[in-house]
Amino acid sequence: MDTSTVEKIVKEIENIAPSHEGAHVGKVVSVGDGVVAIDGLSKAVMSEIVVFEEGKGKKLKDSMETQGELYGLILNLEEDGVRASILGETSRVSEGMTVKSTGRILSVPASEEMLGRVVNALGEPADGKGPFKKTTMMPVERQAAGVIDRKGVSVPLQTGIKAIDAMIPIGRGQRELIIGDRGTGKTTVAIDTILNQKNEPKDKRPICIYVAIGQKESKTARIAQQLREQGAMEYTIIVDAPASTPAALQYLAPFSGVAIGEYFMDQGKDVLIIYDDLSKQATAYRQLSLLLRRPPGREAYPGDIFYLHSRLLERACRVSEEKGGGSITALPIIETQEGDVSGYIPTNVISITDGQMFLITDLFNKGIRPAIDVGISVSRVGSAAQTKAMKGVAGGIKLELAQFRDLEAFMQFASDLDKETADRIESGRRMVEVLKQKNGAPIPIEKQVAVLYAANSKFFAEVPVGKVTAVEAQFTQFLDAQYAKTLAEIKKSGQLSDDTKKKLNIAAGEFQLAHKELFSST
Amino acid sequence: MTMESAYAQALWKMVEGGMSPAKAVHELRDLLKARGREALLPRIGRAFARIAEREGKRTGVTLSVAREKDERAAKSAVKQILAEFGVEPKEVNIHVDDSLIGGWRLEGREHLVDASYKRILVDVYNAATRT
């Protein structure tokens with residue numbers, strides 16, 4: 001123990017006034033699998049936090065060495081007692097232990113100090129960088145904003161991914177599901193979206209919260225490292241409930257994440273929250289419910305599994321100016337098995353969200369990344385959450401791609417096709433290439449607009465399909481170097497004026513002249 | 001809830017409601033006989049014993065002190081609290097727990113009042129080290 005701690009203790013002892021602490025208590029009757037049956041606590045309420053008294057009968061030294069308080073969360077109120085989930089190590093609880101009621105509904109700390117930090121499902125630091133000094137407690141369960149308090153979703157949230165920003169636009173306050181099999185790049189889409197917020201002006205940049213549920217610690221550490229390296233951690237909070245934590249914490253983590261998000265939303269700020277992933281949360285909740293002896297329903301999930309997700313996702317919204325005008329945009333992730341989107345949990349979450357993007361294994365394996373199937377992906381907010389510039393260039397892309405997918409099957413008969421069909425296929429192939437994007441490299445909206453404008457103007461028509469991505473990269477570099485003002489103009493106005501279009505045409509012409517060798521489709 | 005604990009609960013409520021234990025058991029036996037469930041009786045008996053034990057613990061009040069000689073001072077300190085609980089001082093079980101260091105600790109009827117020196121010292125330590 002260091003000298004300053006000793007001094008602090010001496011001071012505290014000098015100021016001690018004799019007091020006694022009263023509490024409403026119960027006794028542990030049985031414990032197992034993270035769930036504890038408690039006798040007593042007849043005045044306890046649902047979702048109340050209880051504290052296990054570990055110090056009883058222990059010597060002072062042993063009591064002091066206890067590693068923080070051990071909490072429980074009341075989840076069942078029964079005739080002769082309550083059942084609670086242990087929010088920590090089950091091995092620390094023993095039969096006969098006294099359990100104290102706190103009178104507090106589960107809440108988590110929230111503050112600006114959390115930015116750049118990794119916290120656990122209870123909002124406690126999990127990165128070893130020390131405690132938070134000043135925090136506000138936010139209730140984990142809170143009623144979502146009502147109709148009167150909400151505002152329409154109209155401000156775009158740029159993901160930096162061309163295929164999404166152009167065809168499945170997301171608005172601030174929207175809930176857009178990312179769904180697909182394992183290994184199709186769901187997390188990558190989410191992380192790229194966080195990275196892209198760096199391109200937003202600081203005053204409009206959303207606070208990002210990444211909630212890792214049931215993930216491997218190594219994966220979360222890798223994500224934190226990537227965000228840190230690319231400077232995105234300064235506006236990001238990671239809420240981590242890894243696979244090794246009790247089911248109760250995995251079930252709680254998304255609620256803790258959104259509670260922290262609400263702290264910022266209440267201040268009028270925009271928040272982006274990613275739940276990675278809700279399938280694992282549903283599994284954790286199923287485990288917990290079965291241990292609590294709640295009746296199982298379809299696929300052994302409890303009857304309120306829909307409510308679990310709907311009450312969480314309803315908290316994503318854009319509130320009215322009277323309420324501060326903040327927003328929470330939610331990107332929940334759902335993992336499917338063998339591409340089956342008709343499963344219980346996927347269909348539930350599809351019906352709750354305002355749109356979904358499907359990531360397909362086949363596309364991923366073909367090298368089309370992000371592997372978004374734009375044909376079946378949809379954003380129900382639509383172009384209301386797009387800038388005029390993007391709306392202008394993205395209009396025809398979805399249709400072109402849909403036609404291309406229809407004709408794609410005929411590609412093997414290329415030599416027998418009429419010219420119009422062949423041209424459409426070629427154009428579609430190039431558009432697919434244009435929409436390809438490396439992971440960890442989101443593209444600012446103005447560059448997306450410029451590239452898509454060029455693609456619509458047949459700029460890539462003479463480029464061999466295999467070189468489209470490389471030419472696109474060179475073209476954006478060229479625009480960056482020579483036409484920075486034009487790009488800035490698009491970013492600032494959010495529009496593609498005739499003058500800007502002219503400049504982009506000139507830029508395309510200049511680039512083609514300077515790089516003739518790139519433009520020969522043979 | 002299992003069938004035997006449901007019957008045991010019912011029996012407990014009957015006795016608590018003022019019926020004599022002998023009469024309550026007699027009526028329960030008649031009922032079980034009529035329903036062909038007489039074989040449940042031993043298990044109901046065990047479940048009833050568990051309820052009685054639990055209720056005993058729930059209603060019992062224990063005053064813990066660090067040393068035997070602290071008993072008198074502690075008893076006078078908890079007089080008012082016991083009155084609030086509706087418990088006579090003579091009904092209180094005294095327990096000596098030297099880990100308390102000093103002071104007292106009253107536990108029972110779903111309440112815990114901790115005025116032990118150990119609790120105060122742990123609070124001081126936590127305040128100094130965990131902020």
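Helices and strands here are DSSP runs, with at least four residues of H or I for a helix and at least two of E for a strand, numbered from the N terminus. With that in hand, we can place A300(A) in the loop between α7 and α8 (305-313) of chain A. The model you are looking at is a predicted one, and this report walks through it from the overall layout down to some unusual backbone spots.

## Overall layout

Let us start with chain A. This chain holds 17 helices and 16 strands, and its C-alpha trace spans about 90 × 50 × 45 Å along the principal axes. Of its 522 residues, 46% count as buried. If you take the contacts in chain A between residues at least 6 apart in sequence, 74% of them join residues at least 24 apart.

The domain assignment splits chain A into domain 1 (21-104), domain 2 (109-386) and domain 3 (392-518). Between the C-alpha centres of domain 1 and domain 3 of chain A there are 62 Å. Chain B, for its part, is divided into domain 1 (3-58) and domain 2 (61-129), and the C-alpha centres of those two domains of chain B lie 35 Å apart.

## Where the chains meet

How many residues of chain B are in contact with chain A? The count is 23 residues of chain B, and they touch 28 residues of chain A. On the chain B side, the elements giving two or more residues are α3 (41-59), β4 (111-114) and α6 (117-129). Helix α6(B) provides the largest share of that side, 10 residues. Sorted by class, the side of chain B that touches chain A has 11 nonpolar, four polar and eight charged residues.

## Nonpolar cores

In general, nonpolar side chains tend to be buried together in soluble globular proteins. In this model the largest nonpolar core has 156 residues, and those with the most contacts inside it are I209(A), V211(A), I273(A) and V449(A). The element that gives the most to this core is helix α6 (residues 247-265) of chain A, with 13 residues. Apart from this core lies another one, of seven residues, including Y7(B), A24(B), A47(B) and F48(B).

V211(A) is a good residue to zoom in on. Leaving out residues up to four places away in sequence, V211(A) touches V239(A), A253(A), P254(A), G257(A), I273(A), I274(A), Y275(A) and D276(A).

Y275(A) also serves as a reference point for A507(A): the two are 232 residues apart in sequence, and their C-alpha atoms are 41 Å apart in space. A507(A) sits in helix α17 (residues 498-514) of chain A. Is A507(A) buried or exposed? A507(A) counts as buried because it has 20 C-beta neighbours inside 10 Å, and 20 or more is what a buried residue needs. Beyond its neighbours within four places in sequence, A507(A) is in contact with L479(A), Q482(A) and Y483(A).

## A helix pair in chain A

Two packed helices are described by the angle between their axes and the distance between the axes. For helix α12 (residues 397-408) and helix α13 (residues 419-435) of chain A, the axes come within 9 Å and cross at roughly 115 degrees. The crossing of α12(A) past α13(A) is left-handed. From α12(A), the contact is made by I397(A), E400(A), L401(A), Q403(A), F404(A) and L407(A), while α13(A) brings T421(A), R424(A), I425(A), S427(A), G428(A) and M431(A). By class, this contact of α12(A) with α13(A) has six nonpolar, four polar and two charged residues.

## Unusual backbone geometry

Most residues other than glycine have a negative phi, and most peptide bonds are trans. The table lists places in chain A that depart from this pattern.

| Site | Backbone feature | Value |
|---|---|---|
| D276(A) and D277(A) | cis peptide bond | omega about 0 degrees |
| R369(A) to P370(A) | cis peptide bond | omega near 0 degrees |
| L41(A) | positive phi, not a glycine | about 50 degrees |
| A300(A) | positive phi, not a glycine | about 70 degrees |

As for their surroundings, D277(A) lies in the loop between β13 (270-276) and α7 (278-291) of chain A. P370(A) is in the loop between α10 (361-365) and β16 (378-379) of chain A, and L41(A) is in the loop between β2 (35-40) and β3 (48-52) of chain A. L41(A) counts as buried because it has 22 C-beta neighbours inside 10 Å. A300(A) counts as exposed because it has 12 such neighbours inside 10 Å.

Conventions. Residues are numbered from 1 along each chain as its sequence is written. Chains are lettered from A and ligands numbered from 1 in the order in which they are written. This is a predicted model: local features need pLDDT of at least 70, side-chain atom pairs count only at pLDDT 80 or more; totals for chains, interfaces and linings use all residues. Axes are lines fitted to C-alpha atoms, for helices over the stretch in contact, and angles run from 0 to 180 degrees between N-to-C directions. A crossing is left-handed if the near helix is turned anticlockwise from the far one by less than a right angle, and right-handed if clockwise. Two residues are in contact if their C-beta atoms, placed from the backbone, lie within 7 Å. Ala, Val, Leu, Ile, Met, Phe, Trp, Tyr, Cys and Pro count as nonpolar, Asp, Glu, Lys and Arg as charged, and the others, Gly among them, as polar. Domain bounds come from an automatic or database domain assignment. A nonpolar core is a set of buried Ala, Val, Leu, Ile, Met, Phe, Trp, Tyr and Cys residues joined through C-beta atoms within 7 Å.
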